[in-house]
Amino acid sequence: MRLVTINLALARRLQAIEDTDEARRIFEDVFRACVRQTDAELFAYLGDVLIEESLKMGRMPERFEFEQNIDRLDNSSSMAEREGRDEEAAAYFSLARLMSALFFARQATVPADYAEAVYEAIMSLPEPQTFVLGK
């Protein structure tokens, strides 16, 4: 579980939960906190207002192509980084992590599955190791 590398307390909390609904609620709380901590201007890098609003709300359309969009954002991040556009690279990386968090949450079937979604959400932040739920 990658979450232990950045937030041991949340990892332990999710490991101890047996109720999938409770794990989902924790993910939703973490996701909303991460979106609130994300600079609103970063969302413009998505290039689509509907996707932007859906991501901010933590809900993507049922038939949304997560993997394709995550790959596009990750590729844009890598390209921007290679070209020395660090701010743009960080924006694409952050958006890819938020989208990836929703992707993992959508696939979760047991409480432990939400740990990966939480990890991705927290990794969207500039300093993920400082994340504290409740901020």
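**Overall fold, core packing and a surface patch in a predicted model**

For a chain of 135 residues, a compact globule would be expected to have a radius of gyration near 14 Å, and the chain, at 14 Å, agrees with this; the radius is taken over C-alpha atoms, and the globule rule is 2.2 Å times the number of residues to the power 0.38. The structure is a predicted model, in which local features need pLDDT of at least 70 and side-chain atom pairs count only at pLDDT 80 or more, whereas totals for chains, interfaces and linings use all residues. Residues are numbered from 1 along each chain as its sequence is written, and side-chain values use heavy atoms, with hydrogens and water left out.

Along its principal axes, the C-alpha trace of the chain spans about 45 × 30 × 25 Å. The chain contains six helices and zero strands, where helices (H or I, at least four residues) and strands (E, at least two) are DSSP runs numbered from the N terminus, and the pattern read along the sequence is α-α-α-α-α-α. Among contacts (heavy atoms within 4.5 Å) between residues at least 6 apart in sequence, 66% join residues at least 24 apart.

Of the 135 residues, 46% count as buried, the classes being buried (under 20% relative accessible area), exposed (over 50%) and partly exposed (in between), with a 1.4 Å probe and protein chains only. The largest nonpolar core, a set of buried Ala, Val, Leu, Ile, Met, Phe, Trp, Tyr and Cys residues joined through side-chain atoms within 4.5 Å, has 43 residues, of which L3, L55 and M99 touch the most other members. Two or more residues are given to this core by each of helix 1, helix 2 (20-37), helix 3 (49-57), helix 4 (66-82), helix 5 (86-107) and helix 6 (114-123), and helix 5 provides the largest share, nine residues. Leaving aside neighbours within four places in sequence, L55 is in contact with F31, V35, F43, L46, M60, L95, L98, M99 and L102.

Helix 6 is largely enclosed by the rest of the structure, because 10 of its 10 residues are buried; among them are Y114, E116, Y119 and E120. The buried residues of helix 6 pack against helix 1, helix 2 and helix 5.

At the surface, the chain exposes about 7,700 Å², of which carbon and sulfur atoms supply 49%, with accessible areas obtained by the Shrake-Rupley method with a 1.4 Å probe. M1, which lies in the segment before helix 1 (8-16), is partly exposed, with a relative accessible area of 41%.
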